[in-house]
Amino acid sequence: MTMTSTPEEPLPVRTVSRALGDWINRLGRIWVEGQVTEISRRPGMSTAFLTLRDPVADVSLRLTCPRTVLDAVGPALTDGARVVVWGKPSFHPGRGTLALQVFEIRPVGVGALLARLEALRQLLAAEGLFAASRKRRPPFLPGAVGLITGRASAAERDVVENARRRWPAVRIVTREVAVQGPLAAGQVIDALRELDADREVEVIVIARGGGSLEDLLPFSDEALLRAVAAARTPVVSAIGHEQDSPLLDYVADVRASTPTDAAKKVVPDVGEQAALVAQLRGRARRVVEHRLDRESRALTDLRGRPALAAPLRDLDRRSEAVEALTRRAFRCVTHAVDVAGRDVAHAAARLRALSPAATLDRGYALVQDGSSGAIIRDPVDLTAHQTLQVRVARGSFAATVADPLPSQPPPDAASQLTAPSSGRPS
């Protein structure tokens with residue numbers, strides 16, 4: 001039912017309070033889960049009071065219940081215990097307060113918590129938040145290390161002291177938050193987002209000491225796990241001891257067994273790095289020395305070869321071979337020239353013996369026509385006063401036919417030739 005009012009006709013407080021009570025009283029009974037705090041058992045009163053807090057958000061609800069209901073739970077009901085209550089919302093008009101009237105309280109046991117964590121683990125694993133492919137490796141030497149931990153806690157001391165002992169120049173940006181209770185998850189998420197937005201922070205460590213399953217529940221909160229998965233900066237989980245395994249260990253990029261182990265994983269040890277550098281330098285020196293020794297031995301082997309040990313020896317041997325070949329070639333050429341000379345002499349002698357000059361030397365003469373140079377072989381070819389050229393062994397001279405010769409002179413008849421008185425043929 002809608003209530004109407006105006007500044008001139010406002011509703012009295014009792015009317016509004018009664019309407020709120022009527023509307024809330026129409027709500028049925030419901031089951032609610034949370035952490036109980038501020039448990040109050042006042043002596044002589046049959047009603048007990050306590051507060052139920054949301055484990056994630058900063059929200060609480062006042063509870064009232066009969067003292068018998070509270071006593072039925074037993075010693076398991078302490079501050080911080082996770083419970084499920086069955087009650088009915090009620091509004092008290094006199095005080096104007098809202099409360100949940102409880103009829104039954106059930107503690108949430110370890111088995112139930114483990115079942116819920118397992119269901120959440122399977123859900124996040126199916127979404128790929130635990131996949132190794134999405135995990136990032138922290139830098140070798142981060143410029144600044146973000147640390148989310150409890151105020152003045154042993155975890156903070158372990159991380160800071162070990163990190164500075166390993167690398168004195170390391171810079172740590174610390175955010176102190178609640179690491180237990182209903183406010184822990186929200187404060188860790190806020191600190192994570194603040195450090196993730198800082199560009200100088202290259203790795204973030206979330207550290208807490210050991211504790212019970214209930215104490216470590218904030219680090220299995222779904223909102224925190226999704227915030228870690230969405231962070232740009234690599235996140236290292238250092239929650240509890242080796243046997244503790246909140247779901248943050250599965251989502252974080254690196255899991256450290258303890259806060260001390262987290263310092264070892266994010267900051268290198270300066271002594272180890274110096275020793276490693278010295279070791280690498282020694283190894284490099286040995287490799288270079290081995291290479292130089294091997295090349296020196298190879299060079300010595302090359303220099304020990306005959307061709308390099310006495311290079312002139314081979315040249316001398318080659319020079320002697322060249323000289324021997326030169327002498328042999330000279331002898332061959334000389335012999336060939338001598339043989340060719342003798343052949344030429346024999347051919348010249350035979351040529352001289354067969355040449356017309358040799359015939360002329362024996363007293364014969366060669367008669368030619370003075371004008372045409374044709375050789376006269378038959379006297380009948382001569383005419384009177386014909387000029388002839390006669391060639392003898394020592395030269396030649398001209399002659400003139402005095403008289404015509406008979407057409408058929410006797411075989412022993414000689415041509416009648418006359419020579420001029422001057423000794424020169426006419």
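**Notebook: cysteines, helix 1 and Val 170**

I began with Cys 65, which is buried at a relative accessible area of 2% (buried is under 20%, exposed over 50%, partly exposed in between, with a 1.4 Å probe and protein chains only). A note to self: this is a predicted model, where local features need pLDDT of at least 70 and side-chain atom pairs pLDDT 80 or more, while totals for chains, interfaces and linings use all residues. Residues are numbered from 1 along each chain as its sequence is written, and side-chain values use heavy atoms, without hydrogens or water.

Next I looked up Cys 332, and it is partly exposed, with 46% relative accessibility. I then searched the whole structure for disulfides (cysteine sulfur pairs within 2.5 Å) and found zero.

On to helix 1, residues 13–25 (helices are DSSP runs of H or I, at least four residues; strands are E, at least two; both are numbered from the N terminus). Its 13 residues reach 18 Å from first C-alpha to last, close to the expected 18 Å (1.5 Å times one less than the number of residues). Which residues of helix 1 are buried? I noted Ser 17, Gly 21 and Ile 24. They sit on the same side of helix 1, because their arc around the axis is only 70° (taken from the directions from the axis to the C-beta atoms). The buried residues of helix 1 pack against strand 4 (82–92) and strand 5 (97–107).

Last, I visited Val 170, in the loop between helix 4 (154–166) and strand 7 (172–176). Val 170 is buried, at 11%. Beyond four places in sequence, I found Val 170 in contact (heavy atoms within 4.5 Å) with Val 145, Ala 163, Arg 164 and Val 267. Phe 330 lies 160 residues from Val 170 in sequence and 92 Å away in space, C-alpha to C-alpha.
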